[in-house]
Amino acid sequence: MARRVVVLGIESTAHTFGCGIVDSSGNILANVNNTYIPAKGGIHPRESAQHHSDVAPRVIRTALSEAKLSMDQVDAIAVSLGPGLGPCLRVGATICRALAVAYDKPLIPVNHAVAHIEIAKLTTGFKDPLIVFVSGGNTIIAAYSDGRYRVFGETLDIALGNLLDAFAREAHLPHPGGPRVEELAKKGERLLKLPYIVKGQDVSYSGLLTAAVKLLSEGHRIEDLCYSLQEYAFSMLAEVAERALAYTEKKELVLTGGVAANSELQRKLMMVAEEHNAKFGVVPKALSGDNGAMIAWTGVLAYVHGVTINVEKSYVKPRWRLDEVDIPWI
Ligand code: ATP
């Protein structure tokens, strides 16, 4: 039997600094995350990076103590090198390089988007799903083919979570806006007319945001606006996901990323899956947002397949695309 491997993974791509510890059987031994909440407006990269430096020692120590492990018992360090915000990525990368050098451990490069996918596969047990990955910074429909995750649709401008958060800010709702928009949408009664923009396999959300903000300034009921915004944004995504499912003929559909917590989005995508006789799964809420466990688990997969990186070459990659990453473990 293969030796048990334990990987410590660090997430710091945007608002969350997280440390996860996972073993090669997929046991999550620790998952400690601390999220920066801006006083007002969206994420300020330098402030978020400062938050990460402040909380990092405590988060890592807590994770090790939860896992009841010392650094000597960790086999390798996984670092989320991108995509993400440069200043935030650099904090995580610097810490991981320091840990790798100080404790003489291999360093494993992890793509943040791949990590959202792998944690969804681990927790749902799905093997070869069509993936809908929606968060504050990403809106991607992807599936595995020929050595990589290939993109079968994405946003042409802002991400779905960003759309919900930006609209919520305009409506003076607290951050993060997604959960609050979901709550208010449940009390919506009227579907207001908004732009529905799908271009080929891609969606565009910035025109939808502008139009929704305009209706807000005209004094429409906030509940109707939230309901309408969700209806349009989620239906656009469901249309593209359905075509991707029909084209790829995958028999599983998995929803991952922070916006995966939304029950209406889950309902719409479940209907798409049922229509095509595919199984539907959602990453558990505790692992849907950015977290260290997903970096550690993807680190395990990469490490046991020989993927490591020299500390000198471990540059951060703020624009590292999902479809640029080789996936040797499938
Ligand atoms: P990434 O770096 O992967 O783009 P992120 O920094 O946006 O991620 P996540 O924690 O993955 O972080 O996702 C946060 C997003 O999820 C926010 O936009 C938030 O509003 C959204 N979100 C969380 N819960 C819900 C919900 N119930 N409904 C809609 N959106 C939600």
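**Close-up views of a predicted model**

**Figure 1. Five strands, in the order E8-E7-E6-E11-E12, make an open sheet with mixed pairing.** Strands, taken as DSSP runs of E with at least two residues, and helices, taken as runs of H or I with at least four residues, are numbered from the N terminus. Two strands count as paired if DSSP finds at least two bridges between them. Strand E8 (148–154) and strand E12 (279–282) are at the edges with a single partner strand each, so one side of each has no neighbour in the sheet. From one strand to the next the twist averages 25 degrees. Helix H3 (residues 112–124) lies across E6, E8, strand E11 (252–256) and E12, and runs at about 120 degrees to E11. Axes are lines fitted to C-alpha atoms, for helices over the stretch in contact (heavy atoms within 4.5 Å); angles are taken between N-to-C directions and run from 0 to 180 degrees. The model is predicted: local features need pLDDT of at least 70 and side-chain atom pairs count only at pLDDT 80 or more, whereas totals for chains, interfaces and linings use all residues. Residues are numbered from 1 along each chain as its sequence is written, and side-chain values use heavy atoms, with hydrogens and water left out.

**Figure 2. Strand E7 (residues 139–145) is antiparallel to strand E6 (residues 130–134) and also to E8.** Five bridges join E6 to E7, and six join E7 to E8. Between E6 and E7 is a hairpin with four intervening residues. Here Phe133 has Ile140 as its bridge partner, and Leu130 stands opposite Ala143. Ala143 in turn stands opposite Arg150 in E8. The hairpin of E7 and E8 has two residues between the strands, and in it Asp146 takes a positive phi near 55 degrees. Because six of its seven residues are buried, E7 is largely enclosed by the rest of the structure. Buried means under 20% relative accessible area, exposed over 50%, and partly exposed in between, with a 1.4 Å probe and protein chains only.

**Figure 3. Helix H4 (residues 160–170) is largely enclosed by the rest of the structure, because eight of its eleven residues are buried.** Among the buried residues are Leu160, Leu163, Leu164, Asp165 and Phe167. Their cover includes strands E6 and E7, along with helix H5 (177–185), helix H6 (206–217), helix H7 (222–248) and helix H8 (263–275). His172, just after H4, takes a positive phi of about 60 degrees.

**Figure 4. Leu85 sits in the loop between strand E4 (76–82) and helix H2 (86–102).** With a relative accessibility of 30%, Leu85 counts as partly exposed. Its contacts, leaving aside neighbours within four places in sequence, are Thr13, Ala14, Ile43 and Pro45. Leu85 and Ala14 are 71 residues apart in sequence, yet their C-alpha atoms are 5.8 Å apart.

**Figure 5. The second largest pocket holds about 220 Å³ of space.** A pocket is an open set of points on a 1 Å grid over the protein atoms alone, with protein on both sides within 12 Å along at least five of seven lines; lining residues have an atom within 4 Å of a point. Its volume is the space filled by probe spheres set on the points, which are joined across faces, edges and corners. Of the 16 lining residues, Pro109, Val307, Trp320, Val325 and Asp326 lie nearest the centre. Strand E5 (107–111) and helix H9 (292–304) are the elements giving two or more residues to the lining; the largest share, three residues, comes from E5.

Note on methods:
On a 1 Å grid over the protein atoms alone, a cavity is a set of points where a 1.4 Å probe fits but cannot get out, and a pocket is an open set with protein on both sides within 12 Å along at least five of seven lines; lining residues have an atom within 4 Å of a point.
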